[in-house]
Amino acid sequence: MPWMTHIMNPPTSKTTGGELGATSALVLLWSGPELYASREAQEYWRKLDLSEGEEIHKRCNNVWGNYGEVIKNRKWKILQTSKQILAGEDITQVVIVAAGFSPMGIELASLFPQSCVFEVDKSNMEAKSRLCASVRNLSCLSADITDREQCRNTLLAHGWNPTRPTLLIFEGISYYITAAQAADVWGLFSSSGSLCLFEYLVPQEQIAAHRRSIPDEIFETILNYCGIGTPITRWSRELLGQKRGVRVLQCHTLSDIERERTGQASTFSRSEDGWIEVALLAMDQDSQPSSGASLATKETK
Ligand SMILES: C[S@@+](CC[C@H](N)C(=O)[O-])C[C@H]1O[C@@H](n2cnc3c(N)ncnc32)[C@H](O)[C@@H]1O
């Protein structure tokens, strides 16, 4: 997508590897570094220059000053669940699509040295590789995830094993690609025991009337800033449930996540007060769930 490439960050003394796109910087400005415990992720964070995201951060915060809570909740849930799954040891491969400059792959690779983590993005992966070269079990790969063959060949060329289970992570990307393109990516990860953490924007009618305009205006601000004309894709637990090849094991609203993360749901008191959800999907509908999946099934709401 053009938004990462037309707003390049000039190299700075801190971002030794080069550019940082505005939307990836925006998300990192909202999330902050507190989530990441590993020395490697902290060192990486210190090298980032997030200034490219400052203008869009300001504009989005003018829409709703609490938006950082949305991102903190989603990032926290995806990281916690990933750590839980990798600690189970059934899955030792992770593929993070559209990873951008997020430190999550660095954190997972550092905390689980027996695992292989692959990040795939169509922009900035060479620059990112240079910023985290010491993390040996992380590969930052350039590919367009809407080109299934390119994505598959790139992963295969760097050691991804399609016959072994993979944890696939879709964060901050489902709204910018079509449902068919997302399903096409899932199709690459159908080996028994594979799981997918899938984060998405829910349909308008599932959002409380007083909150509906917030995500609409935020996405409009981002699309306008980045000059993108394509419509936003929305998903729901029901739509995911209708898709062949995936089975919904868990589904968490912002309200669930906020309560779990902070002990109370004050920004998102009820499900309909939020608009982002994080689902855990089993990728092989016909097989027995792995132990990671059975752990997940207990928590299905
Ligand atoms: C909003 S950022 C999200 C970054 C990260 N996942 C996060 O949540 O912090 C969107 C990312 O998607 C990437 N992207 C968009 N379209 C893509 C495509 N077709 N193939 C690969 N990457 C893509 C962009 O380059 C950018 O890094």
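Does Ala98 count as buried or exposed, and how many C-beta neighbours lie inside 10 Å of this residue? In the predicted model examined here, Ala98 has 24 C-beta neighbours inside 10 Å and therefore counts as buried. Ala98 belongs to the loop between strand E1 and helix H5 (104–111). The phi angle of Ala98 is positive, about 50 degrees, although the residue is not a glycine. Most residues other than glycine have a negative phi.

A positive phi is also found at Glu89, another residue that is not glycine, where the value is near 70 degrees. Glu89 lies in the loop between helix H4 and strand E1 (93–97). Glu89 has 12 C-beta neighbours inside 10 Å and therefore counts as exposed.

The chain as a whole contains 12 helices and 7 strands. Of its 301 residues, 47% are buried. Among contacts between residues at least 6 apart in sequence, 73% join residues that are at least 24 apart.

In soluble globular proteins, nonpolar side chains tend to be buried together. The largest nonpolar core of the model comprises 72 residues. The residues with the most contacts inside this core are Val95, Val97, Phe118, Val120, Leu195, Cys196 and Leu281. When neighbours within four places in sequence are left aside, Val120 is in contact with Val95, Val97, Ala99, Leu141, Ala143, Ile145, Cys151 and Thr154. A second core, separate from the largest one, has 12 residues, among them Ala22, Leu26, Leu29 and Ile56.

Ile56 is also one of the buried residues of helix H3 (residues 54–63), together with His57 and Cys60. Viewed down the axis of H3, the buried residues fall within an arc of 105 degrees, so they line one face of the helix. Lys58 and Asn62, by contrast, are exposed on the other side of H3. The packing partners of the buried residues of H3 are H1, H4 and helix H9 (213–226).

Two of these partners, H1 and H4, also pack against each other. Two packed helices are described by the angle between their axes and the distance between the axes. For helix H1 (residues 22–31) and helix H4 (residues 67–87), the angle is about 90 degrees and the axes are 8 Å apart. The two helices H1 and H4 are therefore roughly perpendicular to each other. On the H1 side, the contact is made by Val27, Trp30 and Ser31, and on the H4 side by Tyr67, Gly68, Ile71, Lys72 and Lys75. Classified by residue type, the contact of H1 with H4 has 4 nonpolar, 2 polar and 2 charged residues.

Two further loops contain residues that are separated in sequence from a partner in space. Ser51 is located in the loop between helix H2 (39–47) and H3. Ser51 has 17 C-beta neighbours inside 10 Å and therefore counts as partly exposed. Between Ser51 and Ala22, the separation is 29 residues in sequence and 8.4 Å in space, C-alpha to C-alpha. Ala22 is also included in the second core.

Ala209 is found in the loop between strand E5 (195–201) and H9. Ala209 is exposed, with 9 other C-beta atoms within 10 Å. Ala209 and Glu272 are 63 residues apart in sequence, while the distance between their C-alpha atoms is 8.8 Å.

How values were computed
Residues are numbered from 1 along each chain as its sequence is written. This is a predicted model: local features need pLDDT of at least 70, side-chain atom pairs count only at pLDDT 80 or more; totals for chains, interfaces and linings use all residues. Axes are lines fitted to C-alpha atoms, for helices over the stretch in contact, and angles run from 0 to 180 degrees between N-to-C directions. Helices (H or I, at least four residues) and strands (E, at least two) are DSSP runs, numbered from the N terminus. Angles under 35 degrees count as roughly parallel, over 145 as roughly antiparallel, 65 to 115 as roughly perpendicular and the rest as oblique. Two residues are in contact if their C-beta atoms, placed from the backbone, lie within 7 Å. Ala, Val, Leu, Ile, Met, Phe, Trp, Tyr, Cys and Pro count as nonpolar, Asp, Glu, Lys and Arg as charged, and the others, Gly among them, as polar. A nonpolar core is a set of buried Ala, Val, Leu, Ile, Met, Phe, Trp, Tyr and Cys residues joined through C-beta atoms within 7 Å. A residue is buried if 20 or more other C-beta atoms lie within 10 Å of its own, exposed if 12 or fewer, and partly exposed in between; C-beta atoms are placed from the backbone. The arc is that of the directions from the helix axis to the C-beta atoms.
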